[in-house]
Amino acid sequence: MKPSPKGGVKLSPTPDLDLARWCKALAAGSVVAEVVPPGWFTCKELSKARARSECSTSTSLARMVEAGQAEKRSYTIKLAAQTRPVPHYRLK
């Protein structure tokens with residue numbers, strides 16, 4: 001980066017082109033949902049299956065992961081209007 005004559009820092013020779021690239025990438029929805037392999041479940045799915053609260057299930061899952069009885073991995077999945085990483089669990 002070169003200092004500008006006015007004392008600031010010149011960031012890019014073509015800021016408009018960089019900004020346009022960013023806008024295009026963001027509009028394309030660059031985050032893609034992953035395919036979750038069989039045997040992996042979210043805390044919400046597990047709590048519903050065992051008829052317990054998500055809080056209670058989350059505590060149990062954390063203990064199982066810590067004890068080495070279960071694995072935890074985040075998969076990027078589509079939820080309503082957004083795609084985001086969500087922790088999934090499976091038994092070892």
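**View 1. The neighbours of S74 in this predicted model.** Zoom in on S74 and look for who it touches: E34, P85, V86 and P87 are its contacts once you skip residues up to four places away in sequence. As for its address, S74 sits in strand β4, which covers residues 70–79. Is S74 buried, exposed or something in between? Its relative accessibility is 40%, so S74 counts as partly exposed, because that label covers the range between 20% and 50%.

**View 2. S74 and T42, across the sequence and across space.** Now put S74 and T42 in the frame together. Along the chain they are 32 residues apart. In space, going from C-alpha to C-alpha, the gap between S74 and T42 is 9.3 Å.

**View 3. A nonpolar patch on the surface.** Which residues make up this patch? They are L19, W22 and L26, and together they offer about 400 Å² of accessible area. Pick out L26 here: it belongs to helix α1, residues 15–27. With a relative accessibility of 60%, L26 counts as exposed, because anything over 50% gets that label.

**View 4. Stepping back to the whole protein.** Count the pieces and you get 3 helices and 5 strands. Follow the sequence along and they come in the order β-β-α-β-α-α-β-β. The protein has 92 residues, and 15% of them count as buried. Its accessible surface adds up to about 7600 Å², with 59% of that belonging to carbon and sulfur atoms. Finally, take the contacts with a separation of 6 or more: 42% of them link residues 24 or more positions apart.

Methods: Residues numbered from 1 in each chain as written. Predicted model: local features only at pLDDT ≥ 70, side-chain atom pairs only at ≥ 80, totals over all residues. Heavy atoms only, no water. Patch = residues over 30% accessible without salt bridge, like charges linked within 9 Å, V, L, I, M, F, W, Y side chains within 5 Å. Areas by Shrake-Rupley, 256 points an atom, 1.4 Å probe, with all protein chains shown as cover. Salt bridge = Lys/Arg side-chain N within 4 Å of Asp/Glu carboxyl O. Helix = DSSP H or I, 4+ residues; strand = E, 2+ residues; numbered from the N terminus. Buried < 20%, exposed > 50% of the residue type's maximum accessible area, 1.4 Å probe, protein only. Contact = heavy atoms within 4.5 Å.
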